[in-house]
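Visitor: I should like to examine this structure helix by helix, with the reasoning behind each assignment. May we proceed by question and answer?

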Amino acid sequence: MNKEEITAFFTILRNENPEPKTELIYHSTFELLVAVLLSAQSTDVGVNKATVHLFKAANTPQTMYELGEETIKEYIKTLGLYNSKAANLYKTCEILATKYNGEVPDNREALESLPGVGRKTANVVLNTAFRKPTMAVDTHIFRLSNRTGLAPGKNVREVEDQLIKRIPKEFILDAHHWLILHGRYTCVARKPRCGSCLVYNECHYLDKTDE
């Protein structure tokens, strides 16, 4: 896509959904961090079903640490990789409670030092909670960026760098949510719903259909 097409692409998505939000349910920056940490290889729906009970039991680093790793595991056992997620979450809660006074840090280095928090998780928290111009690239965004010609790249980091470089500043803060929702519901993996795509004309996908 060229600059004009990219501007048109995001203008259309913004007009359709002016204030896009994550589908993860949370009520604090800490809850957001927990939800994103748990979302690896799990759906947002599945995460929400687990965290609704977990957050009732504990919704701060200190109280969740006090639950203990085994109890955390019981709350999230419906999720994939729940053993390692519980271990990472328990250790992260300890660090947040003791080193950061129970607050989630607002910088990448500190976030990525937490167990279970990689670049993608840090990007989501920085963008969603702290409104920083970061781009978390998941499977949906990676697929969409390459398929449409928005920001082609051989790996996740290449796509992330291209998106940050190519998306106009007026769209960058909400671009992650527009892209993930479009990839989740329209530009789906096996058979993209081109016939109902709002950005059909801007897309460079060679195998577009009218379905």
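The exchange below concerns a predicted model and takes up helix packing, aromatic pairs and individual residues.

Visitor: What is the orientation of α1 relative to α11?

Guide: The two helices α1 and α11 pack with their axes 10 Å apart and at an angle of about 75°. Angles of 65 to 115 degrees count as roughly perpendicular. The orientation of α1 to α11 is therefore roughly perpendicular.

Visitor: Which residues of α11 make the contact with α1?

Guide: On the side of α1, the contact is made by T7, F9, F10, T11, L13 and R14. By class, the contact of α1 with α11 has 7 nonpolar, 3 polar and 2 charged residues. The residues of α11 that take part are E170, F171, A175, W178, L179 and H182.

Visitor: How many aromatic pairs are there, and what is the arrangement of F10 and F171?

Guide: The count comes to 5 aromatic pairs. For F10 and F171, the ring centres lie 5.7 Å apart and the planes stand at 25°. Planes under 30 degrees apart count as stacked, so the arrangement of F10 and F171 is stacked.

Visitor: How many residues apart in sequence are F10 and F171?

Guide: F10 belongs to helix α1 (residues 3-16), whereas F171 belongs to helix α11. Both F10 and F171 are buried. The pair links distant parts of the chain, and its separation is 161 residues.

Visitor: What is the arrangement of the rings of F10 and W178?

Guide: The centres of the F10 and W178 rings are 6.4 Å apart, and their planes make an angle of 50°. F10 lies in helix α1 and W178 in helix α11, so this pair ties together parts that are 168 residues apart in sequence. As the plane angle falls neither under 30 degrees nor over 60, the F10 and W178 pair is tilted.

Visitor: Are F10 and W178 buried or exposed, and which residues form the aromatic cluster?

Guide: Buried means under 20% relative accessible area. F10 has a relative accessible area of 0% and is buried; W178, with 4%, is buried. The one aromatic cluster that includes these residues is formed by F9, F10, F171 and W178.

Visitor: Is H182 buried or exposed?

Guide: H182 has its place in helix α11 (residues 169-185). Leaving aside neighbours within four places in sequence, H182 is in contact with L13, L144, C187, C197 and V199. Its relative accessibility is 9%, so H182 counts as buried.

Visitor: What is the orientation of α2 relative to α6?

Guide: The axes of helix α2 (residues 29-38) and helix α6 (residues 82-99) come within 10 Å and cross at roughly 155°. Angles over 145 degrees count as roughly antiparallel. Hence α2 is, with respect to α6, roughly antiparallel.

Visitor: What is the handedness of the crossing of α2 and α6, and how many charged residues does their contact have?

Guide: α2 passes α6 in a right-handed crossing. The contact is made by F30, L33, V34, L37 and L38 of α2, together with K85, L89, T92, C93 and L96 of α6. By class, it has 8 nonpolar residues, 1 polar and, for charged residues, 1.

Visitor: What is the orientation of α2 relative to α3?

Guide: The axes of α2 and helix α3 (residues 44-57) come within 10 Å and cross at roughly 140°. Angles count as roughly antiparallel over 145 degrees, and as roughly perpendicular from 65 to 115. The angle of α2 to α3 fits neither range, so the orientation is oblique.

Visitor: Which residues of α3 are met by α2?

Guide: α2 passes α3 in a right-handed crossing. From α2, the residues E31, V34, A35 and L38 take part; in α3 they meet V47, T51, L54 and F55.

Visitor: How many residues of α8 are buried?

Guide: What covers the buried residues of α8 includes α2, α7 (108-112), α10 (156-166) and α11. The buried residues are T121, A122, N123, V124, V125, L126, N127 and T128. Helix α8 (residues 119-128) is mostly covered, and of its 10 residues the number buried is 8.

Visitor: Is H27 buried or exposed?

Guide: H27 is found in the loop between α1 and α2. From C-alpha to C-alpha, H27 and N59 are 9.1 Å apart in space, and they are 32 residues apart in sequence. At 69% relative accessibility, and with the cut-off at over 50%, H27 counts as exposed.

Conventions. Residues numbered from 1 in each chain as written. Predicted model: local features only at pLDDT ≥ 70, side-chain atom pairs only at ≥ 80, totals over all residues. Heavy atoms only, no water. Helix = DSSP H or I, 4+ residues; strand = E, 2+ residues; numbered from the N terminus. Buried < 20%, exposed > 50% of the residue type's maximum accessible area, 1.4 Å probe, protein only. Contact = heavy atoms within 4.5 Å. Axes fitted to C-alpha atoms, helices over the stretch in contact; angles between N-to-C directions. Parallel < 35°, antiparallel > 145°, perpendicular 65-115°, else oblique. Left-handed = near helix turned anticlockwise from the far one by under 90°. Nonpolar A, V, L, I, M, F, W, Y, C, P; charged D, E, K, R; others polar. Phe/Tyr/Trp six-rings, centres within 6.5 Å; stacked < 30°, edge-to-face > 60°.
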